[in-house]
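Dear colleague,

I am passing on to you the structure we spoke about, with the sequence alongside. Please open it first, and then read on for what was found in it.

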Amino acid sequence: ATILRMRLTTLGDVLLDVVVHADQALAPGDDTVTSTRALPGGQAANVAAWAATLGAQARFVGKRGDDVAGRLVADALSAYGVDVCGPVGGNTGIVVSLTAGGDRTMASDRGSAMELQPTELDPAWFDCDVLHLSGYAIATEPTASAVAAAATLARTAGATVSVDISAASLVDDAYRRRLAEITPDLVFATELERAAVGELEARWLIKRGAHGVTVDGTHWPPHAGEIVDPTGAGDAFAAGFFVGGVEQGLAAAAACCARLGAMP
């Protein structure tokens, strides 16, 4: 018998992540030895890559530049088995993630990822079981309108719609209004992000970092493992959850934390 694979579409950004890891605090005005990698990233792209690695049929939808960074990240996503969709134009976003002395600092340029238009969407991209939306795309226009259109297309195909709030700092009245209009079935958020959103009828999955997750009122501790780089652990958890539930999500998050970068 043919085993049907879960079909996931993610919408948001694919970026070049420059991950810098220092064992000690940086020396201002001087040189510090680091371990540095240039890797594909972006919340929606991360979830798609992990889902594909875990056995799902995964598609990423977003805008990227026709530049070296854009070609690099698209090729990397394709290598994971992800179907890369969406228009090409402008500059590919780049995020520098610096971990030093136990603290993480990020410098973000999201590039043309924030310029996706509703008219640039193909309805066929949203014939899926789950549509997972990045909160970054909800925060600004025109991507917010693209998100709303994508959610409508996915629901027409019978899909579950999921949102990751992404950052509490993104949440303002416009964000809350857009989120309410999407009426997501699932919402991934930290406790701070959950508080920022306020009232919203949905199934909430609360990410608590080193303390695990809370799902349907039940607390799940994290899987034990080495913490090398926590970047993307929440995205890995989401992918694992879609494919196999909470335990598979926690296993994917632990695997993500044990290596540099946000992808498998």
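S97 is part of strand β6, which covers residues 92-100, in what is a predicted model. Is S97 buried or exposed? Its relative accessibility is 1%, and because buried means under 20% relative accessible area, S97 counts as buried. Leaving aside residues up to four places away in sequence, S97 touches V18, V19, V20, R104, T105, M106 and T231.

As for the chain in which S97 sits, the protein chain has eight helices and 13 strands, and buried residues make up 51% of its 264 residues. For 264 residues, a compact globule would be expected to have a radius of gyration near 18 Å, and the 17 Å of the protein chain agrees with that. Along the principal axes, the C-alpha trace spans about 55 × 50 × 45 Å. Among the contacts with a separation of 6 or more, 68% are accounted for by residues 24 or more positions apart. The accessible surface of the protein chain comes to about 11600 Å², and carbon and sulfur atoms hold 53% of that surface.

Turning to charge, the protein chain carries 18 positive and 31 negative side chains, and the centres of these two sets lie 4 Å apart. Side chains of opposite charge can pair when their charged atoms come close. How many salt bridges does the count come to? The count comes to eleven salt bridges, and three of them are described below, each with the setting of its two residues.

In one of them, the side chains of D127 and R7 meet with a distance of 3.1 Å from N to O. This pair links distant parts of the chain, since D127 lies in the loop between β7 (103-111) and β8 (130-134) while R7 lies in strand β1 (residues 7-11), 120 residues apart. D127 is partly exposed, with a relative accessible area of 42%, and R7 is also partly exposed, with a relative accessible area of 25%. R7 and D127 belong, together with D129, to a network of salt bridges, so you may find it useful to view these three residues as a group when you look at this part of the model.

Another salt bridge is formed by K207 and D164, whose closest N and O atoms are 2.8 Å apart. Because K207 lies in strand β11 (residues 203-207) and D164 in strand β9 (residues 160-164), the pair ties together parts that are 43 residues apart in sequence. K207 counts as buried at 16% relative accessibility, and D164 is buried as well, with a relative accessible area of 1%.

The remaining pair to mention is D173 with R176, where the closest N and O atoms of the salt bridge are 2.9 Å apart. How, then, are these two residues placed along the chain, and what separates D173 and R176 in helix α5? They are three residues apart in helix α5 (residues 173-182), which means that about one helical turn separates D173 from R176. D173 counts as exposed at 61% relative accessibility, whereas R176, at 31% relative accessibility, counts as partly exposed.

With kind regards

Conventions: Residues numbered from 1 in each chain as written. Predicted model: local features only at pLDDT ≥ 70, side-chain atom pairs only at ≥ 80, totals over all residues. Heavy atoms only, no water. Helix = DSSP H or I, 4+ residues; strand = E, 2+ residues; numbered from the N terminus. Rg over C-alpha atoms; globule rule 2.2 N^0.38 Å. Buried < 20%, exposed > 50% of the residue type's maximum accessible area, 1.4 Å probe, protein only. Contact = heavy atoms within 4.5 Å. Areas by Shrake-Rupley, 256 points an atom, 1.4 Å probe, with all protein chains shown as cover. Lys, Arg positive; Asp, Glu negative; His and termini not counted. Charge placed at Lys NZ, Arg CZ, Asp CG, Glu CD. Salt bridge = Lys/Arg side-chain N within 4 Å of Asp/Glu carboxyl O.
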